[in-house]
Amino acid sequence: MTNAFLYAFAGIGLFVLGLHALVVHAHVLRKILAVNVMGSGVFLVLVALARRSGEATSDPVPHAMVITGIVVAVSATALALALMLKLAGKSGEAVLPGKHND
Amino acid sequence: MLIGLLNIDWGVITIMLPLAGGIACVLWPAMSKPAGLISVTGVVLAIAGLGWRIMENGTYRHAVGGWGAPLGIDLFADGLSLVMLIMTALVGLGISFYAKRFFSPCDAVRFWPIWLLLLAALNALFLSADIFNLYVALEMTGLAAVALTALTGRIDALGGAMRYLLATLLGSLAYLLGVVLLYHDAGSVDIATLAQRIEPNAAVWTALGLMSAGLALKTALFPLSFWLPPAHASAPAPVSALLSALVIKASFYILLRLWLELFGAFAEGVSMLLGLLGAAAILWGSLQALRQTRIKLLVAYSTVAQIGYLFLIYPLALVSNGMAASMAAYLAFSHALAKSAMFLAAGNLMQFGGHDRIADLDRAVQRLPLTVAAFALAGVSIMGLPPSSGFVGKWLLLDAAMSQGRWDLAVVMIIGGLLAAGYIFKVLGYAFTQAEVPHDARAVPAEMEWAALLLAIGAILLGFMAPQIFALIHPDLAVNASEAGTVWTA
């Protein structure tokens with residue numbers, strides 16, 4: 001059990017925690033935060049596994065992937081927040097409509 | 001000079017042109033309509049060029065900026081990618097000409113840049129050679145699709161878009177975690193390199209589970225299809241058509257690619273599960289479609305059902321005998337043409353009557369004959385009646401099921417076809433009858449009617465093109481398709 005695996009499991013833990021929050025919370029802001037926690041979990045796994053056992057220097061490719069991932073996550077969060085504000089402005093509360101109108 | 005044309009990197013143009021067009025639309029909003037149409041037409045030409053190059057030189061591979069794999073990003077296209085690109089370009093062109101008349105100047109300013117971004121993302125996705133680049137393109141596709149869904153700003157569209165965004169982010173994060181595990185295990189994200197190194201172990205199985213679940217969520221495979229009907233039904237008609245015809249095919253394509261190159265060899269149990277969910281999707285989606293009272297929700301549930309057919313490819317062991325890529329691409333192409341025609345026709349009916357209640361269609365057949373014809377022709381393909389492309393695709397699937405003794409799947413396919421006939425004739429029936437309360441009607445531009453009709457005619461004509469499509473993807477297997485094409489004439 002190396003340090004790297006400890007971090008990787010912490011990352012998986014964050015992913016699962018975020019998934020749980022995404023499902024149970026009704027408020028959209030909490031859901032958006034949950035997705036961000038999940039994303040951080042994935043990035044943590046990515047960085048942790050970059051250093052392979054027995055190698056002195058870590059692999060730069062996963063670091064580049066994390067940078068790309070963060071850019072994607074920021075844009076997604078911005079879009080989500082903008083949508084949430086619009087939704088809250090129209091409906092008065094930032095929760096998903098329970099059932100769509102059939 | 002012809003040789004010079006052949007050596008142009010058409011693949012790069014299919015991504016850069018819509019991206020540049022989209023930026024131009026943002027910078028000069030007044031120009032967005034012509035800029036959009038020029039970009040989409042340019043993409044069609046570039047894909048024709050790419051197709052020509054692949055015919056002449058075989059598979060296309062281009063190292064962007066001169067940096068090859070494993071460091072740089074490679075663009076890659078084989079027959080499968082090419083068919084998906086052709087599908088995107090043709091359906092996109094039809095929808096663009098529809099959108100030209102559909103949107104008010106105020107909405108058009110917002111539609112064109114996002115649609116061009118979506119087109120660039122889809123082209124990049126179908127040209128990706130590595131699983132990380134696929135992730136980036138998948139996210140771009142998802143974000144653009146969500147933004148298009150919310151375009152009208154109505155409350156149901158905002159709710160649908162929000163639900164769609166959360167589902168699509170969850171799906172891509174699960175996929176990304178799978179990418180991380182595969183990279184850790186095999187030390188590469190390049191699909192060709194991975195294919196040589198991959199061995200079934202715990203990390204690969206976890207990656208397979210995460211990626212399959214994430215992509216199934218994004219493709220709206222039952223029971224992960226909860227987000228699709230509200231998003232697809234609340235969006236404006238051209239956007240619904242783009243979402244149903246093209247966007248869900250993007251994640252389906254990635255899953256197919258992974259299965260063909262990486263997982264197909266050892267994941268038979270998961271293939272069976274995907275097939276079972278597909279069968280459940282056919283039955284559940286069709287029954288839900290039959291229950292709907294609004295056309296757009298009916299068409300959206302029909303998409304849930306038709307996605308089920310795509311997933312029947314996995315358990316029929318087509319992956320192992322090389323038929324999977326051709327079958328999947330053909331079925332996806334067929335569905336893209338038919339479903340875009342249906343959504344555009346539904347949009348015409350909505351614009352005409354100001355509503356999309358099926359019971360109040362009020363003799364639409366007399367007043368909008370081209371639109372109803374488009375809906376009916378697309379319906380022929382969705383039901384799987386000859387000589388449409390839907391028939392050829394479903395006949396080949398049925399043939400594979402029966403030759404392998406999978407009667408359960410064969411029965412589901414037949415029931416699915418009957419249910420599809422039920423919900424399509426439900427709409428057509430009301431199009432012939434007079435409503436109790438007469439409604440005011442607004443004129444529908446001829447271009448919008450013709451766009452829907454031409455896409456529907458395309459869905460029928462594709463039925464005659466099956467051997468060519470199959471030959472493009474897998475030259476050895478073209479014979480099967482030409483047999484299927486001639487069955488109905490015998």
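1. Chain A is a good place to start: its secondary structure amounts to three helices and zero strands. Going along the sequence, the pattern reads α-α-α. Keep in mind throughout that this is a predicted model. Of the 102 residues in chain A, 32% count as buried. Looking at contacts in chain A with a separation of 6 or more, 55% come from residues 24 or more positions apart.

2. Next, how chain A meets chain B. The contact involves 31 residues of chain A and 29 residues of chain B. On the chain A side, helix 1 (3-24), helix 2 (28-48) and helix 3 (60-91) each put in at least two residues. Helix 3 of chain A has the largest share of that side, with 15 residues. Sorted by class, the side of chain A that touches chain B has 20 nonpolar, seven polar and four charged residues.

3. Over in chain B, have a look at the pair formed by helix 17 (residues 369-383) and helix 19 (residues 407-432). Their axes are 9 Å apart and the packing angle is about 170°. Angles over 145 degrees count as roughly antiparallel, so that is the label for helix 17 and helix 19 of chain B. From helix 17 of chain B, the contact uses V372(B), F375(B), A376(B), G379(B), I382(B) and M383(B). Helix 19 of chain B answers with G417(B), A420(B), A421(B), I424(B), V427(B), L428(B) and A431(B). By class, this contact has eleven nonpolar, two polar and no charged residues.

4. Between those two comes helix 18 of chain B, and I'd pause on the loop leading into it. P387(B) sits in the loop between helix 17 and helix 18 of chain B, and the peptide bond from P386(B) to P387(B) is cis, with omega near 0°. Helix 18 itself (residues 389-403) has 15 residues and reaches 21 Å from its first C-alpha to its last, close to the 21 Å expected at 1.5 Å a residue. After helix 18 of chain B comes G405(B), with a positive phi near 70°.

5. Is helix 18 of chain B mostly covered or mostly uncovered? Mostly covered: twelve of its 15 residues are buried. Among them are F391(B), V392(B), W395(B), L396(B), L397(B) and L398(B), and K394(B) is on the buried list too.

6. The loop between helix 9 (202-219) and helix 10 (228-234) of chain B holds P223(B), and a cis peptide bond joins F222(B) to P223(B), with omega about 0°. A220(B) lies in that loop between helix 9 and helix 10 of chain B as well. Phi of A220(B) is near 65°, a positive value in a residue other than glycine. A220(B) has 30 other C-beta atoms within 10 Å, so it is buried.

7. I73(B) is another loop residue to check, placed between strand 1 (60-63) and strand 2 (74-77) of chain B. Buried or exposed? I73(B) is buried, because 21 other C-beta atoms lie within 10 Å, and 20 or more is what it takes. Not counting residues up to four places away in sequence, I73(B) touches V64(B) and N133(B). As for G142(B), 69 residues from I73(B) along the chain, the two C-alpha atoms are separated by 21 Å.

8. A35(B) is found in helix 3 (residues 32-57) of chain B. With 23 other C-beta atoms within 10 Å, A35(B) is therefore buried. Which residues does A35(B) contact, leaving aside its neighbours within four places in sequence? They are G21(B), A24(B), C25(B) and W112(B). For G21(B), the C-alpha to C-alpha distance to A35(B) is 5.9 Å, with their positions 14 residues apart in sequence.

9. Last, the nonpolar core. In soluble globular proteins, nonpolar side chains tend to be buried together. Here the largest nonpolar core has 238 residues, and V83(B), L118(B), L242(B), A341(B) and A378(B) touch the most other members. Helix 7 (residues 155-186) of chain B gives the most to this core, with 21 residues. If you want one residue to click on, try L118(B): setting aside residues up to four places away in sequence, L118(B) touches T141(B), A144(B), A145(B), L148(B) and L242(B).

How values were computed
Residues numbered from 1 in each chain as written. Chains lettered and ligands numbered in written order. Predicted model: local features only at pLDDT ≥ 70, side-chain atom pairs only at ≥ 80, totals over all residues. Helix = DSSP H or I, 4+ residues; strand = E, 2+ residues; numbered from the N terminus. Expected span 1.5 Å × (residues − 1). Contact = placed C-beta atoms within 7 Å. Nonpolar A, V, L, I, M, F, W, Y, C, P; charged D, E, K, R; others polar. Axes fitted to C-alpha atoms, helices over the stretch in contact; angles between N-to-C directions. Parallel < 35°, antiparallel > 145°, perpendicular 65-115°, else oblique. Core = buried A, V, L, I, M, F, W, Y, C linked by C-beta atoms within 7 Å.
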